[in-house]
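Trainee: Could you take me through one part of this protein in some detail? I would like to look at the largest cavity and its surroundings, and then hear how other buried spots are built.

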Amino acid sequence: MSAELENLHEECGIFGVWGHPDAARLTYFGLHALQHRGQEGAGIVSNENGRLHSYRGLGLLSQVFSDDTQINKLKGSAAIGHVRYATSGSGSVDNIQPFLFRFYDGDVALAHNGNLTNGRSIRRALEENGGIYHSNSDTEVLMHLIRRSEKPTFVEQLKEALNTVHGGFAYMLMKDDCMIGALDPNGFRPLSLGQMTNGAYVLASETCALDIVSAQFIRDIQPGEIIIINDDGYHIETYTDQTQKAICSMEFIYFARPDSNIYGINVHSARKRAGARLAQEAPVEADMVIGVPNSSLSAAAGYAEESGLPNEMGLVKNQYVARTFIQPTQELREQGVRMKLSAVRGVVEGKRVIVIDDSIVRGTTSRRIVRLLREAGAAEVHMRIASPPLRYPCYYGIDISRTSELIAASKTVKEICEFIGADSLAYLSIDGLVETVGLHEDAPYGGLCVAYFNGDYPTSLGDYEKEFLSSITAEDKERLTRFAQDSSQYYGNEYAGSGAE
């Protein structure tokens, strides 16, 4: 993970299998590959001849399933699982998924990756008409809508419900006789289908989870599609033709594992191309390039290759350090950053260093990285960011809900550079991001969602509309528009006062 983006979280990862004799154990391995998408809680629901069994808990997957006892109780040849970080709902066991609902006409399990923009208003309307909720997650909304539908079949009820909810969602459902996946009309979150050598079908948030269970990739689920998997195989249906691809660009920038492919684009390759494009857009004289471990390493490789500079290991990450936000004082929090990252004095001392990172969120971590490098003797520190400036909230499944959390929403590039103490600072342009991902979709921004960078949301914000507008004053709008139009996105040595500490 990038040091600066470590405080950003996506809601979760989902995995499901149909037709394997040890489905729950296979799901555990699949979820392990998706652990980076959620570390707050985990759960698995298995299907034993139509009877669904559930186990879930708080913590990492290995903590929830600490021995074989829990997995052995989850019998059956089908299962769905979930790893979670809460963007909607609190961090209690009641919100850990998959949710299991026991109805008179059969059990249903439900897992969700994303965030609904109209979940609050639907929930309120349903509660006013007698709806009872067991969690405060927006995921439960879908099951209420399904059960209230008067359509004759479960799939038709699901389609009606999917056309009622808005926002970002990849759903996975388990019934006695089938496993179902569904994707929102914009495809904000990825969902892929694979097949194992024994014929079992696998659905997963990322293709890296298919690889870990040796499943052969078949296809990506497309926006507005439902996939139904049962003993006869799988088939695809659509619930809407009002689709427009807008994949979350943060999947390519940060969230997805580098060994995953999203709609045919390898994540590592996209990040490497972004680094190369950044070198073209914002070159600077220096002695070496270093990436902030771990997810910035691909972009650093691209920048170094394009610029002809050596790609060195100037920062080392300790992989076994707990989160620093639990520390009680600012002094201990800053010490936590030193525990996470170390500058390699023998590499950077006396050198002009280009530091590649995914993004700058609040700026505090970037500032500490610059300080670490200067204390290790770096002669110059030039920050290069392999994404555009984060200026707007996300409402589709990433926990950036206020512009006050984003330094680029209130400061210019020059002011950010001075704040973090770098000799220069530059970001990748939005055009650079779109072109280096290279989806080439006939859709705005090439099929990417770039709302966090320019405020151009691909859907209505629904329940968040008033919240967003109330947090953005007219002055804010003017400033943010001006920032977004600043094509240079650069502040460097030529300005008086380099910002060096």
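Mentor: Happy to; what follows starts at the cavity, moves to the annotated residues, and ends with helix 1 and its surroundings. Please keep in mind that this is a predicted model.

Let us set the scene with the whole protein. It has 18 helices and 25 strands. Of its 501 residues, 59% are buried. If you take the contacts between residues at least 6 apart in sequence, 71% of them join residues at least 24 apart.

Now to the part you asked about. Searching the whole structure turns up three cavities of 30 Å³ or more, and the largest holds about 70 Å³ of space. Its lining is made of Phe 252, Ile 253, Ala 270, Arg 271, Ala 274, Ala 299, Asp 358, Ala 386, Leu 433, Thr 436 and Val 437. By type, these lining residues are eight nonpolar, one polar and two charged. Three helices each give at least two residues to this lining: helix 8 (249-255), helix 9 (267-281) and helix 15 (430-437). As a reminder for reading those helices, an α-helix has 3.6 residues a turn, so residues three or four places apart point the same way.

One lining residue deserves a closer look, and the record is a good way in. An unreviewed UniProt entry lists Ser 295, Asp 357 and Asp 358 under "binding site". These residues span 64 residues in sequence, yet no two of their C-alpha atoms are more than 8.2 Å apart, so they gather at one spot. From this set, Asp 358 belongs to the lining of the largest cavity.

The two aspartates can be placed one by one. Asp 357 sits in strand 21 (residues 352-357), and its relative accessible area is 0%, so it counts as buried. Asp 358 lies in the loop between strand 21 and helix 13 (364-375). With a relative accessible area of 3%, Asp 358 is buried too. Its side chain makes a polar contact of 2.7 Å with the side chain of Ser 295, which ties together two members of the listed set.

The record also marks another position. UniProt, again in an unreviewed entry, puts the feature "active site" at Cys 12. This cysteine is found in strand 1 and is buried, with a relative accessible area of 0%. Apart from neighbours within four places in sequence, Cys 12 is in contact with Arg 37, His 82, Val 83, Arg 84, Tyr 85, His 112 and Asn 113.

Strand 1 (12-18) leads us on to helix 1, since the buried residues of that helix pack against it. Eight of the 11 residues of helix 1 (residues 23-33) are buried, so the rest of the structure largely encloses this helix. The buried ones are Ala 23, Ala 24, Leu 26, Thr 27, Tyr 28, Gly 30, Leu 31 and Ala 33. Besides strand 1, they pack against strand 2 (41-48), helix 2 (61-64), helix 3 (68-73), strand 4 (78-84) and helix 7 (207-212).

Two residues help to fill in the picture around helix 1. Take Phe 65, in the loop between helix 2 and helix 3. This phenylalanine is buried, with a relative accessible area of 4%. In sequence Phe 65 and Tyr 28 are 37 residues apart, while their C-alpha atoms are 8.4 Å apart in space. Tyr 28 is also among the contacts of Phe 65 beyond four places in sequence, together with Gly 43, Ile 44, Tyr 55, Gln 70, Ile 71 and Leu 74.

Then there is Asn 47, in strand 2, which is buried at a relative accessible area of 4%. What does its side chain reach in the backbone? It reaches the backbone nitrogen of Gly 50 at 2.8 Å and the backbone oxygen of Asp 176 at 3.3 Å. Not counting residues up to four places away in sequence, Asn 47 touches Trp 18, Leu 52, Lys 75, Gly 76, Ser 77, Ala 78, Met 174, Lys 175 and Asp 176.

To pull your main topic back together: the largest cavity has Asp 358 in its lining, and the side chain of that residue is joined to the side chain of Ser 295 by a polar contact.

Technical notes:
Residues are numbered from 1 along each chain as its sequence is written. This is a predicted model: local features need pLDDT of at least 70, side-chain atom pairs count only at pLDDT 80 or more; totals for chains, interfaces and linings use all residues. Side-chain values use heavy atoms; hydrogens and water are left out. On a 1 Å grid over the protein atoms alone, a cavity is a set of points where a 1.4 Å probe fits but cannot get out, and a pocket is an open set with protein on both sides within 12 Å along at least five of seven lines; lining residues have an atom within 4 Å of a point. Grid points are joined across faces, edges and corners, and a volume is the space filled by probe spheres set on the points. Helices (H or I, at least four residues) and strands (E, at least two) are DSSP runs, numbered from the N terminus. Ala, Val, Leu, Ile, Met, Phe, Trp, Tyr, Cys and Pro count as nonpolar, Asp, Glu, Lys and Arg as charged, and the others, Gly among them, as polar. UniProt positions are given in the numbering used here, feature names are shortened, and annotations may be inferred rather than shown by experiment. Buried means under 20% relative accessible area, exposed over 50%, partly exposed in between (1.4 Å probe, protein chains only). A polar contact is a pair of N or O atoms within 3.5 Å; within protein, one must be able to donate a hydrogen and the other to accept it, and residues adjacent in sequence count only if both atoms are side-chain atoms. Contact means heavy atoms within 4.5 Å.
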